[in-house]
Number of protein chains: 2
Amino acid sequence: MARNIQSLERAAAMLRLLAGGERRLGLSDIASSLGLAKGTAHGILRTLQHEGFVEQDDTSGRYQLGAELLRLGTTYLDVHELRARALVWTDDLARSSGESVHLGVLHQQGVLIVHHVFRPDDSRQVLEIGAMQPLHSTALGKVLAAYDPVAHSEVLEGERKAFTERTVCAATDFEGVLDITRARGYAADVEETWEGVASIAAPIHDRRRMPVGAVGVTGAVERLCRDGELRPELIAAVRDCARAVSRDLGAGRF
Amino acid sequence: MARNIQSLERAAAMLRLLAGGERRLGLSDIASSLGLAKGTAHGILRTLQHEGFVEQDDTSGRYQLGAELLRLGTTYLDVHELRARALVWTDDLARSSGESVHLGVLHQQGVLIVHHVFRPDDSRQVLEIGAMQPLHSTALGKVLAAYDPVAHSEVLEGERKAFTERTVCAATDFEGVLDITRARGYAADVEETWEGVASIAAPIHDRRRMPVGAVGVTGAVERLCRDGELRPELIAAVRDCARAVSRDLGAGRF
DNA sequence: GTCCATCGGTCGACATTGTCGAACGCTTAC
DNA sequence: GTAAGCGTTCGACAATGTCGACCGATGGAC
């Protein structure tokens, strides 16, 4: 039994399919999308529904993701050591910088946001915990791509989409960006992912000096930049925060 | 095939086991806890790991929940219609009441928090989205138990633990609380779950007048009460919010 | 340093288990 | 009124996941 369990793989594919499709999906859609017989797909869905991983709309009969996923996903955050150690430091960074702070880890071909501190003003903001960011265009992603070999290979093998006209897509150019990132110890994203938005991020290392995540600030390019350059005090604050979290993880013994 | 898929049920039990145990679990622990052969447990865990639902600590070999759960759980929130409709109204409620606002739905034997607006001050607060609250002692839970038949049977069949000396546990007493809740149209929790904390909640109905969730404010008992009574303007604000969301869902056509 | 208990992981035979495709009510749309 | 589509059920088949013994590695106890 060197192979993986078939029914589990199919169930995971279903959950991912339901997560990708904007709205609810019908049984026939799901079965045909995955190349399964309707009876097979129904058996898996029925079990997933019984376990709370999917829910079914009573009237339309369509399926969507279930609440148990939210509960388990939150539990994942609770046991996340990096996140726990970073909580106070990211809070401080948000206060001192006046910008929103994101903490991200490598997940599949992107950056998974595991913590998000709102910009400390009264503006309405949406929580981005659990969201994914691209590896090649965001500051968090570049940091991971520069320091984590797995992230590096993921970003080189994957497609690098141009979100704005400033996005760096060509492989050689992007390698140059990573070299600069490693040389400077931080990465930046000035309108490479979203128009008008800039971000600065630095790597977090564990006690074995392995990169485990990245922390950074994100905000309007007018606030993060001054005279066309990223504000040095912001860069210093982000790097200080990353170092503090790394030290908290046991990396700083020297 | 009237029964559910065995391997999926076992995988779900593993995820729930990993979510329950405070820290990482070893393969042998998992196998013996579920009464499985080690080889079987390992096959399921390997597949779950490959799909990103569990992660394995490189050094200790122990297992914990995986990042994919966080991603899928967040996606669940994105497609949650009730939550989407409630976003602006809960924001307004938090501003007008000056207290934190929770939006909950029935899940298994408790209330799953699907939205949480922080109290609008600069105090440090922890996000409770994805957390569970008991049905019998919180305002959100009492509302659901009073209006949703499924929640009602869950709370009657389940154990009603006494969190404080004010918790109502006896079945007959609790039924009286639900009668009062239905008569008044809202529920309260004054130090029945946490010492010093009170909450007020009201039900949300969909277009078919079925209860689909509850919304409420939570805060220090000194702020929510005045002269030993819950502040009437807070009750009115909560009920207005619940009605507004219900109307947004299409319930208010008359 | 050595031993022993225990860990996570592998392997192959077995039969239990999930899969498939057809058929069933039922609703919806024309 | 009809027909097409939906989600669901069913039974036969064999592919599939399960089991328990076994393996090398690890880590305490002494």
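How many of the eight residues of strand E4 (residues 110-117) of chain A are buried? Eight of the eight are buried, so strand E4 of chain A is largely enclosed by the rest of the structure; buried here means under 20% relative accessible area, with exposed over 50% and partly exposed in between, for a 1.4 Å probe and protein chains only. Strands (E, at least two residues) and helices (H or I, at least four) are DSSP runs, numbered from the N terminus.

This is a predicted model, in which local features need pLDDT of at least 70 and side-chain atom pairs count only at pLDDT 80 or more, while totals for chains, interfaces and linings use all residues. Residues are numbered from 1 along each chain as its sequence is written, chains are lettered from A and ligands numbered from 1 in the order in which they are written, and side-chain values use heavy atoms, with hydrogens and water left out.

Around E4(A), strands count as paired if DSSP finds at least two bridges between them. Strand E3 (residues 100-107) of chain A is joined to E4(A) by seven bridges and runs antiparallel to it, with Leu106(A) bridged to Val111(A). The hairpin of E3(A) and E4(A) has two residues between the strands, and in this hairpin Gln108(A) takes a positive phi near 55 degrees. Three bridges, again antiparallel, join E4(A) to strand E5 (residues 132-134) of chain A, where Pro134(A) is the bridge partner of Gly110(A).

Val111(A) also leads to helix H6 (residues 139-147) of chain A, for Leu144(A) has its place in that helix and is in contact (heavy atoms within 4.5 Å) with residues including Val105(A), Leu106(A) and Val111(A). Leu144(A) is itself buried, with a relative accessible area of 2%, and its C-alpha lies 7.4 Å from that of Pro211(A), although the two are 67 residues apart in sequence.

On a wider view, chain A is divided into domain 1 (6-67) and domain 2 (80-248), with bounds that come from an automatic or database domain assignment, and the C-alpha centres of these domains lie 34 Å apart.

Chain B can be laid on chain A with an RMSD of 0.1 Å by a turn of 180 degrees and a shift of 0.0 Å along the axis, the superposition being by least squares on C-alpha atoms of residues with pLDDT of at least 70 in both copies. That is the relation of a two-fold axis, and in chain B the C-alpha nearest the axis, 2.6 Å from it, belongs to Gly73(B).

How values were computed: Lists of a residue's contacts leave out its neighbours within four places in sequence.
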